[in-house]
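Hi,

Here is the structure I promised to pass on. Have a look at it before you read on, and then compare it with my notes below.

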Amino acid sequence: MSTAQETEPEELLLDPMTRRARRRRAAMIAGAFLAVSLIIVASLLLVSTSSGGRTSVLIGTWGTDRLLGLAGVVSLGALAVGLCAIPVARLWLLLLVPVRIVAIITAGLAGFAWVITSSATVVPLLSDGCETGYIVEERSFLFAASGTVFRSDGIFVTAVESTRADDGYHPFADGAYVVEQSGDALRVRYAASRKAAASPVSTAGASAFFLPKLAGHTRACGLSTGARPPVEESPPPPSYTRAELRAGVEDLSLASLEAAVGLVRDRTGARLDPESVAVEQEGCDEEGAQFVAALEFETDDNAASVMGILQRWDAAGYSRDRAMHEDLRYSETLPVATMSLRDTSTIDGLIHMRLTSQCSIDP
């Protein structure tokens with residue numbers, strides 16, 4: 001009997017008065033959290049409504065929207081705990097149990113929604129390494145990104161401008177912006193999409209927006225935006241005519257067979273003439289054309305021939321790769337885009353080689 005009692009949940013071993021006291025304390029704590037959350041919501045809404053929606057609160061990265069969301073989640077969680085903790089007669093359980101389930105699910109969904117939508121970055125807007133009195137809050141959700149420029153006055157901020165970016169990009173947090181002095185105004189330009197070179201941002205063309213200079217603002221200097229250094233973009237790959245691509249495949253086929261060891265024979269055992277390799281034209285990129293040479297051959301020493309051919313491809317400047325017992329080489333700039341070489345001597349005694357050119361839309 002004592003063993004069965006030891007396995008009972010702790011709460012069931014308590015007397016009814018103690019259980020009611022614990023539930024009452026849990027309900028009181030939940031009520032306190034609910035009251036504090038409601039006070040925070042009321043205070044934030046008071047600040048917003050008293051300024052016509054222009055002024056809000058920003059503490060670190062915690063803005064009014066984020067604080068309201070958290071307060072709402074805490075309120076729903078406290079309400080769910082209170083509904084579960086409050087003691088009721090058994091008759092009322094038929095009505096209260098579904099309400100408890102709905103409250104718990106609602107609080108969980110609200111918490112999940114807050115977590116995936118509440119991330120934000122907040123950085124000061126700098127000009128020549130000095131604060132301007134403005135800060136930028138940026139948010140992103142999936143592929144959408146937006147920002148708000150605030151005039152800062154302690155924890156109270158006033159929205160003065162908005163920004164937009166692509167693919168969830170935060171340009172101001174990335175330092176991809178430039179601020180220029182223009183009389184009594186600040187001219188701000190920023191990159192709306194992530195690029196290889198985030199800085200410097202081009203000063204050509206129209207400005208993104210203007211901000212008035214803030215008089216009497218004590219500025220801290222010697223700060224950095226943390227912008228990424230410029231990265232030189234790779235030049236576009238050269239374009240080839242179809243004649244050049246065919247010639248490139250033919251030349252590389254000939255060079256590959258010349259690197260083989262001993263006599264090169266086709267599948268039937270007849271000598272393979274390197275000059276007679278068939279090069280086929282295939283379509284690519286809807287209107288383009290590429291050229292392919294597919295060969296099957298054997299040599300006096302297939303293993304040594306494979307090594308010789310691969311060395312010839314390496315010397316020609318191709319990058320290496322390998323997949324499933326198949327040696328690969330590739331290039332984005334040379335006439336032949338990809339080459340593959342597979343030694344199946346233990347299966348059919350042959351070496352399988354395939355060369356594919358770049359795609360050309362030129363005649």
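What follows is a tour of what turned up, from the overall picture down to single pairs of residues.

First, a word of caution: this is a predicted model, and the values below were computed from it.

**The overall picture**

The protein chain has 363 residues, and 34% of them are buried. You will find 7 helices and 15 strands in it. If you take contacts between residues at least 6 apart in sequence, 56% of them join residues at least 24 apart. The accessible surface adds up to about 21500 Å², with 59% of that belonging to carbon and sulfur atoms.

**Two cores**

Which residues have the most contacts inside the largest nonpolar core? They are L257, L295, F297, W313, L341, M353 and L355, in a core of 26 residues. Several elements feed into this core: α6 (242–258), β11 (288–297), α7 (302–315), β14 (336–344) and β15 (350–357) each bring at least two residues.

M353 is a good place to start clicking. Leaving aside residues up to four places away in sequence, M353 touches S256, L257, A293, A294, L295, F297, I309, W313, S340 and L341.

There is also a second, separate core of 14 residues, and V123, V149, L186 and Y190 are among them. Keep Y190 in mind, as I come back to it with the aromatic rings.

**Two helices worth a look**

Helix α6 has 17 residues and runs 24 Å from its first C-alpha to its last, close to the 24 Å expected at 1.5 Å a residue. Its buried residues are L245, G248, V249, L252, S253, A255, S256 and L257. What lies over these buried residues? The cover includes β11, α7, β14 and β15.

Helix α4 (residues 64–85) has 22 residues and reaches 31 Å from first C-alpha to last, close to the expected 32 Å. Buried residues in α4 are T64, R66, L67, A71, V73, S75, A78, A80, G82, L83 and A85. The last of those names, A85, has a partner far off in sequence: its C-alpha and that of R25 are 8.6 Å apart, with the two positions 60 residues apart along the chain. R25 sits in helix α3 (residues 16–50) and is partly exposed, at 49% relative accessibility.

**Charged pairs**

Side chains of opposite charge can pair when their charged atoms come close. The count of salt bridges here is 10. A few to look up:

- E282 and R354 meet through their side chains at 3.8 Å, N to O. E282 belongs to strand β10 (residues 280–284) and R354 to strand β15, so this salt bridge ties together parts that are 72 residues apart in sequence. E282 is partly exposed at 34% relative accessibility, and R354 is partly exposed too, at 37%.
- D314 and R320 form a salt bridge at 3.1 Å, N to O. D314 is partly exposed, at 23% relative accessibility, while R320 counts as exposed, at 60%.
- R322 pairs with D327, with 2.9 Å between the closest N and O atoms. R322 is partly exposed at 47% relative accessibility, whereas D327 is buried at 17%.

Besides these pairs, E180, R187 and R189 are linked in a network of salt bridges.

**Aromatic rings**

How many aromatic pairs does the structure hold? The number is 3. One of them joins Y190 and F209 in a tilted arrangement, with 6.2 Å from centre to centre and 50 degrees between the planes. The two rings come from distant parts of the chain, 19 residues apart: Y190 is in strand β8 (residues 185–190) and F209 in strand β9 (residues 209–212). F209 is buried, with a relative accessible area of 5%, and Y190 is the residue I flagged earlier as part of the second core. Both rings also belong to one aromatic cluster, made up of F172, Y177, Y190 and F209.

If you only have a few minutes, I would begin with M353 and the residues it touches, then move on to the pair of Y190 and F209.

Cheers

Notes
Residues are numbered from 1 along each chain as its sequence is written. This is a predicted model: local features need pLDDT of at least 70, side-chain atom pairs count only at pLDDT 80 or more; totals for chains, interfaces and linings use all residues. Side-chain values use heavy atoms; hydrogens and water are left out. A nonpolar core is a set of buried Ala, Val, Leu, Ile, Met, Phe, Trp, Tyr and Cys residues joined through side-chain atoms within 4.5 Å. Buried means under 20% relative accessible area, exposed over 50%, partly exposed in between (1.4 Å probe, protein chains only). Helices (H or I, at least four residues) and strands (E, at least two) are DSSP runs, numbered from the N terminus. Contact means heavy atoms within 4.5 Å. The expected span of a helix is 1.5 Å times one less than its number of residues. A salt bridge is a side-chain nitrogen of Lys or Arg within 4 Å of a carboxyl oxygen of Asp or Glu. Rings of Phe, Tyr and Trp (its six-membered ring) pair if their centres lie within 6.5 Å; planes under 30 degrees apart count as stacked, over 60 as edge-to-face and the rest as tilted. Accessible areas come from the Shrake-Rupley method with a 1.4 Å probe; for residues, only the protein chains shown count as cover.
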